[in-house]
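Trainee: Mind walking me through this one? I'd like to get a feel for the fold and the assembly.

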There are 2 protein chains.
Amino acid sequence: MEEILNLLVLTPEEQRRFQDAAPGLSQRFAPGGRPLPGQPELTAEDYARAAVILGNPPAALLGEGCALRWLHTRSAGVDTYTVPGVLPAGAMLSCSTGAYGHSVSEHLLAMLLALMKHLPEYRDQQNQGQWRDLGQARTLEGSQVLVVGAGDLGGSFARLCTALGADTMGIRRDTAQPVTGISALYPMEALDRLLPAADVVCLTLPQSPQTVGLFDRERLLRMKPDAILLNGGRGSVLDCQALAEVLAEGHLWGAGLDVTDPEPLPPEHPLWRQPRALITPHAAGGDHLPDTARAIARIALLALKCYVSGRPLPNRVL
Amino acid sequence: MEEILNLLVLTPEEQRRFQDAAPGLSQRFAPGGRPLPGQPELTAEDYARAAVILGNPPAALLGEGCALRWLHTRSAGVDTYTVPGVLPAGAMLSCSTGAYGHSVSEHLLAMLLALMKHLPEYRDQQNQGQWRDLGQARTLEGSQVLVVGAGDLGGSFARLCTALGADTMGIRRDTAQPVTGISALYPMEALDRLLPAADVVCLTLPQSPQTVGLFDRERLLRMKPDAILLNGGRGSVLDCQALAEVLAEGHLWGAGLDVTDPEPLPPEHPLWRQPRALITPHAAGGDHLPDTARAIARIALLALKCYVSGRPLPNRVL
């Protein structure tokens, strides 16, 4: 009998629904890889034997020899599992795109507004007991926002910006399909032309050979001198060393990063010390909002029902 | 001939419109109290002689003996000028209510989201080169926001919160007049009943005998243990010593203050050192956004036209 290893964090009611969805299959629940009370720890053998894994198993415990036929991740990014040799040949891969839009986009908006109002620098002054006006602030109203990677995260961020009075442009592979909250869509080839027009540039790109290192020194310098840069997708899209340099040279109003390259950012990295940078430790998405776990459960349950009934998997990557 | 002392910061075009609006009167322009290029410094006599002052003159230079018939402030708050003896008997007073809503409310929203996402504490970690997850965040979506003082600032803040998915309640003297962006209005008597129901409490009250000290220790303890408090109106409405104490005791998720009591907050005040407090130096409004100065000019120009033609003054306080 096929075995399902369910690593998702579920309420008792959700767990029951997962069991009901795959009545003919054995399903072991181990939220976040930790056994339920009274059950033994997961072994390497448990991972190797599972035909289906729901969640994010350690990549080192998969590989050609394992029984995996389908992996559905709780994450939206799947780059850990597309590395050759991690999944056995023929295994299917799907992800939880759609679960993180709300959490990540609201975090990015918080970073953007904080930078616009000098909140990081006011916090530094607060720690010195210093009451000092830092002058002109910025407003999102009437700002031109460019979303690079107008998928689930980018579209969600654009909708928040639109609600606060900004105008939005998006870059997307498939420009034929409209994205709610984005006024105009462009292909990646338009990036260098659009960069000098944006007050805010928000990176919400997945990691791929096309995106790694996309925002290098040259592209950063194409941005308006007082533009604000955000990265909420994958750290490798942006050269953090180059960003620290252009900030030190006085370029850009500020930069808000929830993802960096590398992660964690090492203590000696110059970006930590740039007062106009604001860095959070990949904390925008994940399980930081309770409703994200509920959304992940909904998406995975739908995928499991599709798998069991032989229908096409939603959010399929491989 | 009546003299107008115009202390507003104006574009050349706006200055021309002010001149056109009062053709029979002598009007001297001194933006922010500083003389235009080539003109002499303002003297105490200049202030004493003016029948009309547009802007915020030093209160010490007014008083019973001065010629003032009408003061129109660039500020929304007028408590400096309602102190007995500052304005001569019979002088009219009007203000720039309506000019600051956008600037102050966006700043308050920035503080609220920053607190919800732990940005102040992440900034502290950034200064230590520390990459460490601070756990669960909060979301504005579905939150219950209570606006205490649902006037121009409070209504504007409520509209931003509504746009991001929050539900809003407001407290206001005149509950019969609906406020866009606020679902339900209540009189001040309902405050103690509403406080335990709010996830976010935003103070946007003017200073008056009824509001000074309104938020004392007892009212702070009526708030939910994980509620967020904001103050964007007048510092004296909130007991900052009591707030520092309840935060130190672990009450409240956080507090964002753009106004304090006293101002500036002295370097030794315990509130500076509360990590869950975020303090900015009365920088939400004022001239921190360029569009605020334009709004002030529009409001003052309309008021001047009313004064000259003998129509009732808008935003009249005295």
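Mentor: Sure. A quick definition before we count: helices are DSSP runs of H or I with at least four residues, and strands are E runs of at least two. Keep in mind that this is a predicted model.

Trainee: So how many helices and strands are there in chain A?

Mentor: Apply those run lengths to chain A and both kinds of element turn up. The tally for chain A is 9 helices and 12 strands.

Trainee: What radius of gyration does chain A have, and what would a compact globule have?

Mentor: Chain A has 318 residues, so a compact globule would come out near 20 Å. The C-alpha atoms fill a box of roughly 65 × 50 × 35 Å along the principal axes. The radius of gyration of chain A agrees with the globule value: 21 Å.

Trainee: What share of chain A is buried?

Mentor: Buried here means under 20% relative accessible area. Chain A still exposes about 12900 Å², with carbon and sulfur atoms supplying 53% of that. Of its 318 residues, the buried share is 55%.

Trainee: How far apart are the centres of the positive and negative side chains in chain A?

Mentor: Chain A carries 27 positive and 33 negative side chains. Take the centre of each set, and the separation is 4 Å.

Trainee: Which kind of axis relates the two copies?

Mentor: Chain B lands on chain A with an RMSD of 0.1 Å after a rotation of 180° and 0.0 Å of shift along the axis. The copies are therefore related as by a two-fold rotation axis.

Conventions. Residues numbered from 1 in each chain as written. Chains lettered and ligands numbered in written order. Predicted model: local features only at pLDDT ≥ 70, side-chain atom pairs only at ≥ 80, totals over all residues. Heavy atoms only, no water. Least-squares fit on C-alpha atoms with pLDDT ≥ 70 in both. Rg over C-alpha atoms; globule rule 2.2 N^0.38 Å. Buried < 20%, exposed > 50% of the residue type's maximum accessible area, 1.4 Å probe, protein only. Areas by Shrake-Rupley, 256 points an atom, 1.4 Å probe, with all protein chains shown as cover. Lys, Arg positive; Asp, Glu negative; His and termini not counted. Charge placed at Lys NZ, Arg CZ, Asp CG, Glu CD.
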